[in-house]
Amino acid sequence: MAHLNKEDDVRRNSLLLSTACLWTLAAAVSPAVAADAKAGKAIYEKRCLSCHGADGRGNPAMIKAMGEKGLNLTAKEVAGAKDDELMKVIVEGRGKMPATKGLTKDEAKQVLEYTRSLAK
């Protein structure tokens, strides 16, 4: 194997350092996201479960009564929505879904993280 020149060594070392930084960042962020999702589950169970169901696919009785497909939080439309769009729905409501009053911004974010985890 031919020896790399100095420029190739610098590129390789840069790539290795960047990769190590990304893995470190991912490891630091992942527990925080998991903690938000866990905290969000408790809020979800109190405020969302009756309509959206335990698995996020929608409570069948509510779907029948309301006729809304929007109750399925695992649907592609929800998974593809941006966080700020979903945060707005969580806080302000949409259609027949009422606003979720009394949530702090952090609590709304926790509900969002939990909602995202349902689709995985």
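The following conversation explains how several descriptions of this predicted model were reached.

Biologist: What makes up the fold of the protein, in helices and strands?

Modeller: In this predicted model, the protein has six helices and zero strands, and read along the sequence it follows the pattern α-α-α-α-α-α. Of its 120 residues, 28% count as buried, and among contacts between residues at least 6 apart in sequence, 47% join residues at least 24 apart.

Biologist: Why is H5 called roughly perpendicular to H6?

Modeller: The axes of helix H5, residues 83-92, and helix H6, residues 105-118, come within 10 Å and cross at roughly 115 degrees. Angles of 65 to 115 degrees count as roughly perpendicular, and therefore H5 is described as roughly perpendicular to H6. As for the hand of the crossing, H5 passes H6 in a right-handed one.

Biologist: Which residues make the contact of H5 and H6, and how many of them are nonpolar, polar or charged?

Modeller: On the side of H5 the contact is made by Asp83, Leu86, Met87, Ile90 and Val91, while H6 brings Lys105, Ala108, Lys109, Val111, Leu112 and Arg116. Sorted by class, the contact of H5 with H6 has seven nonpolar residues, four charged ones and no polar ones.

Biologist: Ala108 is one of the residues of H6 in that contact; how do you know whether Ala108 is buried or exposed?

Modeller: A residue is called buried under 20% relative accessible area, and Ala108 has 1%, so Ala108 is buried. Not counting residues up to four places away in sequence, Ala108 touches Met87, Ile90, Val91 and Leu103. The C-alpha atoms of Ala108 and Ile43 are separated by 8.9 Å, although the two residues are 65 apart along the chain.

Biologist: What makes the ring pair of Tyr44 and Tyr114 count as a pair, and why is it called tilted?

Modeller: Ring centres must lie within 6.5 Å to pair, and planes from 30 to 60 degrees apart are neither stacked nor edge-to-face but tilted. The centres of the rings of Tyr44 and Tyr114 are 5.1 Å apart and their planes stand at 55 degrees, so the two form a pair and the pair is tilted. A search of the whole structure finds one aromatic pair, and it links distant parts of the chain, with Tyr44 in helix H1, residues 6-47, and Tyr114 in helix H6, 70 residues apart. Both Tyr44 and Tyr114 are buried.

Biologist: Tyr44 is also among the contacts of His52; why is His52 given the label it has, buried or exposed?

Modeller: The relative accessible area of His52 is 9%, and His52 is therefore buried, since the label applies under 20%. His52 has its place in helix H2, residues 49-52. Leaving aside its neighbours within four places in sequence, His52 is in contact with Tyr44, Arg57, Gly58, Asn59, Gly70, Leu71, Leu73 and Met97.

Biologist: Met97 is also in contact with Val89; how do you know whether Val89 counts as buried or exposed?

Modeller: Val89, which lies in helix H5, has 16% relative accessibility and so counts as buried, the limit being 20%. Apart from neighbours within four places in sequence, Val89 is in contact with Arg94 and Met97. Val89 and Ala99 are ten residues apart in sequence and 7.6 Å apart in space, C-alpha to C-alpha.

Biologist: Turning to the loop between H5 and H6, where Thr100 lies, why is Thr100 called buried?

Modeller: Thr100 has a relative accessible area of 13%, and so Thr100 is buried, with 20% as the cut-off. Thr100 touches Arg47, Ile90 and Val91, not counting residues up to four places away in sequence. The C-alpha atoms of Thr100 and Cys48 are separated by 9.1 Å, with their positions 52 residues apart along the chain.

Biologist: Gly95 is found in the loop between H5 and H6 as well; what makes Gly95 buried or exposed?

Modeller: For Gly95 the relative accessible area is 74%, and therefore Gly95 is exposed, a label used over 50%. Gly95 and Glu68 are 27 residues apart in sequence, and their C-alpha atoms are 9.3 Å apart in space. Within this loop, then, Thr100 is buried, whereas Gly95 is exposed.

Definitions and conventions: Residues are numbered from 1 along each chain as its sequence is written. This is a predicted model: local features need pLDDT of at least 70, side-chain atom pairs count only at pLDDT 80 or more; totals for chains, interfaces and linings use all residues. Side-chain values use heavy atoms; hydrogens and water are left out. Axes are lines fitted to C-alpha atoms, for helices over the stretch in contact, and angles run from 0 to 180 degrees between N-to-C directions. Helices (H or I, at least four residues) and strands (E, at least two) are DSSP runs, numbered from the N terminus. Angles under 35 degrees count as roughly parallel, over 145 as roughly antiparallel, 65 to 115 as roughly perpendicular and the rest as oblique. A crossing is left-handed if the near helix is turned anticlockwise from the far one by less than a right angle, and right-handed if clockwise. Contact means heavy atoms within 4.5 Å. Ala, Val, Leu, Ile, Met, Phe, Trp, Tyr, Cys and Pro count as nonpolar, Asp, Glu, Lys and Arg as charged, and the others, Gly among them, as polar. Rings of Phe, Tyr and Trp (its six-membered ring) pair if their centres lie within 6.5 Å; planes under 30 degrees apart count as stacked, over 60 as edge-to-face and the rest as tilted. Buried means under 20% relative accessible area, exposed over 50%, partly exposed in between (1.4 Å probe, protein chains only).
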